[in-house]
Amino acid sequence: MDRASPVPLYFQLSQQLEAAIEHGTLTPGSLLGNEIELAGRLGLSRPTVRQAIQSLVDKGLLVRRRGVGTQVVHSQVRRPLELSSLYDDLEAAGQRPATRVLRNLVEPATAEVAAALGVPEGSDVHLVERLRSAHGEPMAHLCNHLPAGLLPLETGQLESTGLYRLMRGAGITLHSARQSVGARAATGDEARLLGEEAGSPLLTMERTTFDDTGRAVEFGSHVYRASRYAFEFQLLVRP
């Protein structure tokens, strides 16, 4: 700690702990000990340590468990805004993705889905609804609609790998996508699925993906836990 710095000590401590979590020095499941022990070990006041810990609890990096203490959870997933799947991004980040298929069926296209996929309203489309987790912790609720008959979609395959991998394996070349990102409060059902409180902030994403012929091959409507997930943008200065 740099006591001569204008940066508050609690913020210095929270930054050091966050860096240790991000770099894997503090691994998921690690216990930090109680505030009194930490304060004594670091030569800081208990309120300083409490404030540092609370800031990381608010970010979803630490959790206070009754009878256990303050514990490291998994670092927030940061996903670049590019044409990639959540499964691949989690796997690349070492997050051990897992999938539970909630629905896998053919249904009539709503007006919204029909417009996105370029098919008549009421025509058959394939719905895949999944709960995506990492390290056993729910991360996102995913609903994807695809043109009926585009490719075989077996529940076992959907639970063992990502949708985009299955599409590529079926010879579909993913070329581009139109995507929008937003935020809203969790409904009661979403909160129960994602392990959040009703009204907690969620990130939303809608994406229509096109193949190399310009055909719409997938319309996704996803929600992500804002406490565990972030989208990253790369901005370029226009000449």
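These questions and answers cover two helices and a set of paired strands in a predicted model.

Q: Which residues of helix α2 are buried?
A: Helix α2 covers residues 35-42. Seen down its axis, the buried residues fall within an arc of 100°, so they line one face of the helix. Those buried residues are E35, L38 and A39.

Q: Which residues of α2 are exposed on the other side?
A: The buried residues of α2 line one face, because they fall within an arc of 100°. Exposed means over 50% relative accessible area. On the other side, the residues that are exposed are I36, G40 and R41.

Q: What do the buried residues of α2 pack against?
A: E35, L38 and A39 are the buried residues of α2. They pack against one helix, residues 46-58, and one strand, residues 62-65. These are α3 and β1.

Q: Which residue just after α2 takes a positive phi?
A: Helix α2 ends at residue 42. Just after the helix, phi turns positive, at about 70°. The residue is G43.

Q: How far apart are the end C-alpha atoms of α3?
A: Helix α3 has 13 residues. At 1.5 Å a residue, they should span 18 Å, and the model agrees. The end C-alpha atoms are apart by 18 Å.

Q: What arc do the buried residues of α3 cover around the axis?
A: The buried residues are T48, V49, A52, I53 and L56. Their arc is narrow enough to put them on the same side of α3. It is only 125°.

Q: Which elements are included in what covers the buried residues of α3?
A: T48, V49, A52, I53 and L56 are buried in α3. Their cover includes two helices, one of them at residues 9-22, and two strands, one of them at residues 69-72. The elements include α1, α2, β1 and β2.

Q: How many residues of strand β8 are buried?
A: Strand β8 runs over residues 201-211. Buried means under 20% relative accessible area. The strand is mostly covered, and of its eleven residues the buried ones number nine.

Q: Which residue in β9 is the bridge partner of L203?
A: Strand β9 covers residues 216-225. Nine bridges join β8 to β9, and the two run antiparallel. The partner of L203 in β9 is Y224.

Q: Which residue of β8 stands opposite R184?
A: Strand β7 covers residues 174-185. Eleven bridges join β7 to β8, and these strands run antiparallel. Opposite R184 stands L202.

Q: Which residue in the hairpin of β8 and β9 takes a positive phi?
A: The hairpin has four residues between the strands. The positive phi is near 90°. The residue is G214.

How values were computed:
Residues are numbered from 1 along each chain as its sequence is written. This is a predicted model: local features need pLDDT of at least 70, side-chain atom pairs count only at pLDDT 80 or more; totals for chains, interfaces and linings use all residues. Side-chain values use heavy atoms; hydrogens and water are left out. Buried means under 20% relative accessible area, exposed over 50%, partly exposed in between (1.4 Å probe, protein chains only). The arc is that of the directions from the helix axis to the C-beta atoms. Contact means heavy atoms within 4.5 Å. Two strands pair if DSSP finds at least two bridges between them. The expected span of a helix is 1.5 Å times one less than its number of residues.
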